[in-house]
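Let's take a walk through this protein together. Keep the sequence and the model open side by side as you read.

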Amino acid sequence: MKNINKLEFQSILKKIESAYDKEFSEEKADLYFDNLKDFDLDVIRLACREMVRTRELKSIPTIGEIRKEASFIRNERRSRQNKSVYCKHCSGTGWIIVEEKDGMKYSTAYRCDCKNGQSISKDSMSYKEAMIKYGLPPLNQPEPSYPIITAEDIIADPGKVYSGVRVELICKNCHKIYYVPYHSRVTGREIMECYMGAENFRKLIEEGYAEHLGGDNLCELCYEDEGRKKGFWI
Ligand SMILES: [Zn+2]
Ligand SMILES: [Zn+2]
């Protein structure tokens, strides 16, 4: 998964800009891109999240600082490769991403309490600790009865803001309907971009490719199966 997407990379830089209330010039953004594009995008994202979350840096992280954190995450990942177990909370990565809430300005990542998370450095906060400190909901609590929306609802009004919603999607493997809950405030556009990518979503809106709905997503059971087949988890 090399050759990272520049647009998606820019969206990470935007988050940093917003966290530090500063803007990157176009030249500087290009410089960051050129010097970080050898990492996987999700590694960069995680590295930036960590740095913004811990706020150890008083100013915008430099390329060197991001590289250092990203290398650390990449090495940690490599050493855990093929040893991860299936976990629906962290998808075998050991990290639980909590999407941004009002006032937090940035989404954060916490260590999962499963076997995958146990091999991550204890310097990062675990979800359990974050639950107590920030009042996050327990991971296994029953799904609240959020209203259900479909992709059609989202296309009809992409800018609509939801706070607590279940999105109806169709699994590309078993073609069954499944639901994905969103607990914090999110717009329809953000939900769909997350499932199909910004570019595909734009196409869908402009050209009406209804068959792209749900993108390449799998329901939980199929996702678990596929991960086993590929040897991602035992
Ligand atoms: Zn986990
Ligand atoms: Zn399925």
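## A guided tour of the model

The protein chain holds ten helices and five strands. What you are looking at is a predicted model, so please read every value below as computed from it. Of the 234 residues in the chain, 25% count as buried. Now think about contacts between residues at least 6 apart in sequence: 55% of these join residues at least 24 apart.

A good place to begin is helix 1, which covers residues 6–20. Helix 1 is built from 15 residues and reaches 21 Å from its first C-alpha to its last, close to the 21 Å expected at 1.5 Å a residue. Helix 1 has contacts with two other helices, and we can take them in turn.

Start with helix 3, residues 41–54. The axes of helix 1 and helix 3 come within 10 Å and cross at roughly 5°. Angles under 35 degrees count as roughly parallel, and helix 1 and helix 3 are therefore roughly parallel to each other. On the helix 1 side, the contact is made by E8, F9, I12, K15, I16 and A19. Helix 3 contributes L41, I44, R45, C48 and V52. Sorted by type, the residues of this contact are eight nonpolar and three charged, with no polar ones.

While you are at helix 3, have a look at D42, which sits in this helix. D42 counts as partly exposed, because it has 17 C-beta neighbours inside 10 Å. From D42 you can look across to E8, which is 34 residues away in sequence and 9.9 Å away in space, C-alpha to C-alpha. E8 is one of the helix 1 residues that take part in the contact with helix 3.

Next comes helix 2, residues 26–36. Here the axes of helix 1 and helix 2 come within 11 Å and cross at roughly 115°, and the crossing is right-handed. K6, F9, Q10 and L13 of helix 1 meet A29, Y32 and F33 of helix 2. These residues divide into five nonpolar, one polar and one charged. You may recognise F9, which is also listed in the contact with helix 3.

Between helix 1 and helix 2 lies a loop, and D21 belongs to it. Just after helix 1, D21 takes a positive phi of about 50°, and this in a residue other than glycine. Is D21 buried or exposed? D21 is exposed, because it has just 8 other C-beta atoms within 10 Å.

Further along the chain you will find another backbone of this kind. H175 has a positive phi of about 60° although it is not a glycine. H175 is found in the loop between strand 4 (161–170) and strand 5 (177–187). With 10 other C-beta atoms within 10 Å, H175 is therefore exposed.

Our last stop is L218, in the loop between helix 9 (198–207) and helix 10 (220–229). L218 is partly exposed, because 18 other C-beta atoms lie within 10 Å. Which residues does L218 touch, not counting those up to four places away in sequence? They are C171, K172, N173, Y223 and E226. Of these, K172 is worth picking out on screen: L218 and K172 are 46 residues apart in sequence and 5.8 Å apart in space, C-alpha to C-alpha.

Definitions and conventions: Residues numbered from 1 in each chain as written. Chains lettered and ligands numbered in written order. Predicted model: local features only at pLDDT ≥ 70, side-chain atom pairs only at ≥ 80, totals over all residues. Axes fitted to C-alpha atoms, helices over the stretch in contact; angles between N-to-C directions. Helix = DSSP H or I, 4+ residues; strand = E, 2+ residues; numbered from the N terminus. Parallel < 35°, antiparallel > 145°, perpendicular 65-115°, else oblique. Contact = placed C-beta atoms within 7 Å. Nonpolar A, V, L, I, M, F, W, Y, C, P; charged D, E, K, R; others polar. Buried ≥ 20, exposed ≤ 12 C-beta atoms within 10 Å, placed from the backbone. Left-handed = near helix turned anticlockwise from the far one by under 90°. Expected span 1.5 Å × (residues − 1).
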